[in-house]
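Trainee: I am new to this structure. Please pick one part, look at it closely, and then follow what is joined to it in the chain.

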Amino acid sequence: MRHALTSGVLLAALVLGEGAVPSAQPVSRAPRLYDEPLRPRIHFSPPRNFMNDPNGLVHYDGEYHLFYQYNPQGTTWGHMSWGHAVSRDLLHWEHLPLALGEADGVMIFSGSAVVDRGNTSGLCGGKSADRSCLVAIYTGHGHGRQTQNLAVSQDRGRKWTKYAGNPVLDLGLKDFRDPKVFWHAPTRRWVMVTVLPDQHKVRFFGSPDLKTWTALSDFGPAGATGGVWECPDLIEVPLEHESGRTRWVLDVDLNPGGPWGGSGGQYFVGTFDGTRFVSDDPPGQVRWVDHGKDFYASLSFSDLPARERGPIWMGWISNWQYANDEPTETWRGAQSLPRRLMLRRAPDGWRLIQQPTGGLSALMDPDPTRHQVLRDSLPLPPSADMTFVVSAADQGEVGLRLSNELGEEVLIAVSADRKTLSIDRQRSRQGASPQGYAERHTGPLRPLPQVPVRVIFDRSVIEVFANEGETVMTERVYPTRPFTRIEWIGGRRPASGSTRLLALKTIWPSSR
């Protein structure tokens, strides 16, 4: 969770300020909620006001819970609290009332949530057969310091009560935040992963009851240290094609110092024995989670049901360089699609693989004419799932051009040598744009004989997964009018016939 005073340099001269109406929409015909020109249709966004980091991702009693950093009072960062939504399929979300609110000068910063199945905390009411309840572990920010605190829910996350004994962990530090907690079965205790942001350290704590915590070890400095460290996560991830084998991934975000300026996420692969994390890589090795500009504060779900294969996480799609300046009128912020994680062997070590979770097929438009082979130029639906394959037979840069009638465009391409994936949004918005927005960004590819590319487009969100999720790029785009056409860059269609466009339905009820 980023403190407002260190959230990056923001440009005040944006054409569309708060309350402005995009040029595509006349003032007299304001769009309905969730039908605004830049509003994602299949990605989660708040009904109104400002949202950033996902918090407290947990599955409980048939529901996936998404809590998130939220300002209930405005469209820029401030008054941070936990917003709340639930889903039964990780696609369709139901908005619920504010879960945890700012009080007594203390804001609710980022954290996690767990199912206390055995009532180890003694906070569960004991009404359910398994004596379980939901416990949130969050950073309290106020009065010159940051502390770790608990809140409990006895009714499936609908109402929350802050623990009377808060804080449960106080180091007397101004910056000490973002607890991710999980149950470590081999040592039969809870493990908390936190950051000492300015020291570029992750600190691990252990507890038998979520209330009494003992320091275990530190990790860092290592990897990228160009900004403060934030939003850590420690996840046991399965190895591709090696049934039953896993390694541990330590995710640590930083701001500034991301791969293209502003915020970004990095990861380390190694071992964890319940006390200490040891990285496979030398301290100077940097592995980026996402090579785009807009993927931050990723967090994995706790207590996933047994049917789920491997860990799943989500991230905030924005960048602290311009998060407060997004030209989206009455709301700001979007969350990524849930992504399933795996590790793949590569010549330079383990690579984190991210792929959208299954179920997007449920959003396919029932009209078969909306699903087409990508030949030359086609109308672009507001939301679409697109795939193509680039091979050694292709000449020049190969990829997609998304555009509108004003000539605004974004280019998504694979280089001629198949070593680079790129997203170019330099000409995606006319006039002034936020600092750090009008740029071309690239991610490295392994030049395999065939490079499959999957593009999820959703009005103002682009998620690109190349080489089956080995290279991922996530970006927001802010055209002044919606992109409505799709074509091959320079007319160069891939030699492979494996090209398709699937139109996707909105996840939000049409009555909204």
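Mentor: What follows starts with the largest pocket and moves on to the strands and loops linked to its account.

The model is predicted, so local features are taken at pLDDT of at least 70 and side-chain atom pairs at 80 or more, while totals for chains, interfaces and linings use all residues. Numbering starts from 1 along each chain as its sequence is written, and side-chain values use heavy atoms, without hydrogens or water.

The largest pocket has a volume of about 690 Å³. Here a pocket is an open set of points on a 1 Å grid, with protein on both sides within 12 Å along at least five of seven lines; a cavity is a set where a 1.4 Å probe fits but cannot get out, and lining residues have an atom within 4 Å of a point. The volume is the space filled by probe spheres set on the points.

The pocket is lined by 29 residues, and the closest to its centre are Phe 182, Trp 183, Phe 301, Ser 302 and Asp 303. Two or more lining residues come from each of strands E5 (107-115), E9 (177-184), E13 (228-238) and E14 (246-255). A strand is a DSSP run of at least two residues, numbered from the N terminus. E9 gives the largest share of this lining, five residues. Sorted by class, the lining holds 16 nonpolar, seven polar and six charged residues; Asp, Glu, Lys and Arg count as charged, Ala, Val, Leu, Ile, Met, Phe, Trp, Tyr, Cys and Pro as nonpolar, and the others, Gly among them, as polar.

Some of these strands also appear at an enclosed space. In the whole structure, three cavities of 30 Å³ or more are found, and the largest cavity holds about 70 Å³. Its lining consists of Pro 54, Asn 55, Ser 110, Gly 111, Asp 178, Pro 179, Cys 231, Pro 232, Ala 297, Ser 298 and Leu 299. E5, E9 and E13, listed for the pocket, give two or more residues to the cavity lining as well, as do strands E1 (49-60) and E17 (296-300). Here the largest share, three residues, belongs to E17. The cavity lining has six nonpolar, four polar and one charged residues.

Next come the loops beside these strands. Most peptide bonds are trans, and most residues other than glycine have a negative phi. Gly 220 and Pro 221 are joined by a cis peptide bond, with omega about 0°. Pro 221 sits in the loop between E12 and E13. A cis bond also joins Asn 255 to Pro 256, with omega about -10°, and Pro 256 is placed in the loop between E14 and strand E15 (264-272).

On the loop between strand E4 (94-100) and E5 is Asp 104. Although not a glycine, Asp 104 has a positive phi near 55°. With a relative accessible area of 73%, Asp 104 is exposed; exposed means over 50%, buried under 20%, and partly exposed in between, using a 1.4 Å probe and protein chains only.

A further positive phi leads to strand E7 (residues 145-153). Arg 156, which is not a glycine, has phi about 60°. Arg 156 belongs to the loop between E7 and E8, and is partly exposed at 27% relative accessible area. Strand E7 itself is largely enclosed by the rest of the structure, because eight of its nine residues are buried.

E7 runs antiparallel to strand E6 (residues 134-142), to which it is joined by nine bridges; strands count as paired if DSSP finds at least two bridges between them. Within this pair, Ala 136 is opposite Ala 151 of E7. The hairpin of E6 and E7 has two residues between its strands, and in it His 143 has a positive phi near 60°. E7 also pairs with strand E8 (residues 161-162), again in the antiparallel sense, over two bridges. There Val 152 is opposite Thr 161 of E8.

For another strand with two antiparallel partners, turn to E33 (residues 500-503). Strand E22 (residues 371-372) pairs with E33 over two bridges, with Gln 372 partnered by Leu 501. Strand E24 (residues 383-391) is joined to E33 by four bridges, in the antiparallel sense, and Ala 384 is opposite Ala 503 of E33.
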